[in-house]
Amino acid sequence: MSSARASQTTSLLVLLLLLGACNNLPTSKGETPGATTAYRVVHGWPVLPDGFVLGQVSGVAVDSHNHVFVFHRAHHSVNRTTEPISVPTIMCFDGETGKLIASWGADMFILPHGLKVDNADNVWVTDLSLHQVFQLTHDGKLMKVLGTKGIPGTDDKHFNKPTDLAFATDGSLYVSDGYGNNRVVKFSPKGDFLVEWGRKGSKPGEFDLPHGITVDSEGRVYVADRSNSRIQVFDADGKFLYEWKSSELGRPWGLTVGSDGYLYVVDGGDLLPRPPDRAGVIKLDLKGRVLEKWSSFGNYDGQLYWGHDIAVGGNGDVYVGAVLYGMRV
């Protein structure tokens, strides 16, 4: 990375940690104009090593210890190649202090995308260029790989640019196989193929880029159908239940069900932003009713420019990773 690029990126490297706090805070930069929100941005989080610059933050998740895992693209953010990223791509921060606890994943990934943490605190990620899903231990040791390295496909042994992952309470794994196949694939806790559903389209059960996925405590599967600007909801085996689509939701890019039982969504906005573009974080109940909305389009602390993924800690803190100008979490 050139010194000019590093300087420019560093100037944009600011926090987006949206922390549950007291109600009725005054509106400030990063919040929806005129809105009252229970969330405020925490400045100065995370604490990065001297001279270190995050790349595009494509994935973020929180484990049971309030450790925040960040998946980023480093120098591949501006220089896409077929070679693995030579620096650590997975960073682990303390949620409370923002202090870096560990980093790993060098020479493993080419184009990072989704990241989730399972109930045993294992870390799962997807790579678009490798067309694979990886299960790793809490400290980065490889446990399992799904998919065939570098070879896209549509069967039970292949993916085509998988985007995200989610886990049912019984340990079943769901993969949104998004950019190429427009489907969801379900695996057993042992990694055996169970069922798949979806194809490209805009009808119920069809997708135009399933970009994020999550599961609630009742086993319902929520999919951020990004280019269709909607959320689709399915039962555990892929039966379509209903969809949510509105100007309030905008274009959902990422979503997660928090331990509080609410659904958190990041609206990443349009693919070719023309300010004032839309962007924001939305909190919904599981009937699809919007309870709260905050953040806005921009590069200030608390604002979003292509918010890509979202995570919620057990204490209610909300984290959003961004992939365009101001690459940050």
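Author: Hello! A residue is buried when it has under 20% relative accessible area (1.4 Å probe, protein chains only). This is a predicted model, where local features need pLDDT of at least 70, side-chain atom pairs count only at pLDDT 80 or more, and totals for chains, interfaces and linings use all residues. Residues are numbered from 1 along each chain as its sequence is written, and side-chain values use heavy atoms, without hydrogens and water.

Reader: How many residues of strand β13 are buried?

Author: Find residues 183-187, which form strand β13 (a DSSP run of E, at least two residues, numbered from the N terminus). The rest of the structure largely encloses this strand, because the buried residues number 5 of the 5.

Reader: Which buried residues of β13 lie on the side opposite Arg183, Val185 and Phe187?

Author: In a regular strand, side chains alternate between the two faces of the sheet. Here both faces of β13 are covered, and Arg183, Val185 and Phe187 are buried on one of them. Buried on the other side are Val184 and Lys186.

Reader: Which residue of β13 stands opposite leucine 173?

Author: Strand β12 (residues 173-177) pairs with β13 in the antiparallel sense over 5 bridges; pairing takes at least two DSSP bridges. The hairpin has 5 residues between these strands, and asparagine 182 has a positive phi near 50°. Opposite leucine 173 stands phenylalanine 187.

Reader: And which residue of β14 does lysine 186 face, standing opposite it?

Author: β13 and strand β14 (residues 193-197) run antiparallel, joined by 4 bridges. Their hairpin has 5 residues between the strands, with a positive phi near 95° at glycine 191. In β14, the residue opposite lysine 186 is valine 195.

How values were computed:
Buried < 20%, exposed > 50% of the residue type's maximum accessible area, 1.4 Å probe, protein only.
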